[in-house]
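Dear colleague,

I am passing on the structure that we spoke about, and I would be glad if you could look through it before reading my notes underneath.

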Amino acid sequence: MTVFFRRIAQTMSVLGGVVLSLVVAITVLSIIGRTGNSVMHSAFAQTNFAPLAQWLLDIGLGPIKGDFELVEAMMAFAIFAFLPLAQMTGAHASVDIFTAWLPRRAQLVQRILIEALFAVVLVVIALQLKEGMDSKLRSGQTTFILGYPLWWAYAASLCGAVVAAVVAVYMALVRVTEGVTGRILIADEMGADH
Amino acid sequence: MSALDIGLYSLPALLALIFLRVPIGLAMFVTGFAGLWLIQGTPNVAMARLKSETFSQFSNYSLSIVPIFLLMGHFATLGGMSQALFKAAEGWLGHRKGGVAMAAIGACAGFGAICGSSLATAATMSRVALPELRNYGYAGGISTATLAAGGTLGILIPPSVVLVIYAILTEQNIAKLFLAAIFPGLLAALGYLIVISIYVRLYPESAGTKERIPYRDRFRDLVAVWPVLLVFVAVVGGIYGGIFTPTEGAAVGAAGTGLIAWVNGGLTRSSLLESFLTTARSSAMIFFIVLGAGFYNGFLALSQVPQTASVWVVSQGFSPWTVLFIILVFYLILGCLMDSLSMILLTVPIFYPVIVALDFGLTPEQTAIWFGILVLIVVEVGLITPPVGMNLFIINAMERTTPMVETYRAVLFFVASDIIRTAILVAFPMITLVLIS
């Protein structure tokens, strides 16, 4: 089971990473297009190689239309897709110096409570995101420039949110099992950096 | 109970949760949620906020700079620039007393210019520099402490993830904050070089010697680091020059370092996947804290705590410098327990209104930027202060033969240099502000 969930969490993270790389690519291409466009419009280009400049402009050399909106939707997907792995690997920053001296039993109970709280929060987040998506679906709200329905972006994000909620519930169950058996099943990895 | 009371009681409640090891983002989220519920007498408003708030926080265009910078840092690591930087710095500094350690600092500063993260800088440079330091007979403590301190240059020298978050919280210009961080960052590097030179004179047995390298080779090695300079100028210059937005600048940097990594053969399938996974963990952690902080700070603002605190501090007639001093000391202490981003997200919404309400003889924008740089420095000290400085742990995990106590002892010299530098920057705000005025 753990292997299965870990695989899913990693796959989501890699998907998020690929989307993040696409964000980088789209942004850079848009900058190149924008710069190229203004160069081709410049007096220098228009006097020295007007036909070439015109041809480039005609085939659509310019910034990517609505790049800003694409980036926002893709980022939301990526971040939600990153959540399950953080959940599985204990990447969330916490202060453990005051509780490290607690007896082992107490620490096991503490891990159950924290993970259960996290599970509740992530389930609520996923459910409310679904509500948010439904309301965008009903209102038919679209984005300003590209005009795609906003609920698409919500739907993409919901994938990550649902997986994160499921993983969080699973992790809470793992902690309960650990509490009952007294044996650590999934140890925390070193905290994530920034 | 009035809204203000609820807001005031929420602070100890939040701290209690955090000290009970509840993840900081989760603690802020839960406290903020409960606070909104108490103030409004119903959970409905907080629940309704959740329908769109997670999406809008995670899709925030300004915040998208954070994961892109993290990815850029990983690409920079894969690109082999750390070796080139260290070699160049070693050529110029290596033969001096403590020179190889100085070279590690120089290389960290260079790496910091293309990496916005302290831990990534510490980990990357340790891989390159620790074996060299051992080869030339440097003692364990000074080696690990140097790299832990050098790692903080990753975030002190722009680009810097912490500054991005500060800029968003206080609605300041990211480009100006980056520019303002340059001199304090260089001052930090200089301070660390002085620390090393003092340390090896106090403990001569802690450092070995290295032969001089001819100038021709030195220049050759220096020229080899041109891609680092190019990426730095493109990113920071481009953002400041208004050629692109900070997010676009980060994308250019990620593409640039990605290209370098690819050309140098560092970008393999497995290393790329590894970069994605680490970026995922860090980004998820940061964004969850941002989400929790958004909830908590929204609740605090509703309870009027920040406004009341700022009015109270001003009406008490404290000297602005006393208030600043207390805040900075508070950060230094909290930094021994908590990581830098959490600390900033937790405290800046409360401290910032207080600071800008006080008169330091600067314009509001200057005060905001100067305070941002000071906060950046004091929270980063937390990365190298015992007992829980993250940089110390990272390096200790890579260098098992050096006992933690030895690292602790040597790192105190660097902490002292950080504190002296903070005092200098407090006394002379112009060091920070000269590039933006």
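Below is what was found, beginning with the contact of the two chains and ending with one helix.

Please keep in mind while reading that this is a predicted model.

The contact between the chains draws on 64 residues of chain B and 59 residues of chain A. About 5,500 Å² is buried between chain B and chain A, and carbon and sulfur atoms account for 76% of that area. Of the area that chain B buries against chain A, 16% is supplied by B:Arg21, B:Phe55 and B:Arg281, which is more than any other three residues give.

As for polar links, six residue pairs are found in polar contact across the interface of chain B and chain A, counting pairs with both residues at pLDDT 80 or more, while the rule for salt bridges finds one across this interface. The side chains of B:Glu248 and A:Arg34 meet in a salt bridge, with 3.1 Å from N to O. On the side of chain B that touches chain A, helix 14 (residues 269-303) of chain B provides the largest share, 15 residues, and the residues of that side divide into 48 nonpolar, eleven polar and five charged.

Within chain A, helix 5 (residues 104-139) has 36 residues, which at 1.5 Å a residue should span 52 Å, and because its end C-alpha atoms are 52 Å apart, the expected span and the model agree. Just after helix 5 of chain A comes A:Gly140, which takes a positive phi of about 65°.

With kind regards

Key. Residues numbered from 1 in each chain as written. Chains lettered and ligands numbered in written order. Predicted model: local features only at pLDDT ≥ 70, side-chain atom pairs only at ≥ 80, totals over all residues. Heavy atoms only, no water. Helix = DSSP H or I, 4+ residues; strand = E, 2+ residues; numbered from the N terminus. Expected span 1.5 Å × (residues − 1). Contact = heavy atoms within 4.5 Å. Buried area = accessible area lost by both parts, 1.4 Å probe. Salt bridge = Lys/Arg side-chain N within 4 Å of Asp/Glu carboxyl O. Polar contact = N/O pair within 3.5 Å; in protein donor to acceptor, adjacent residues only side chain to side chain. Nonpolar A, V, L, I, M, F, W, Y, C, P; charged D, E, K, R; others polar.
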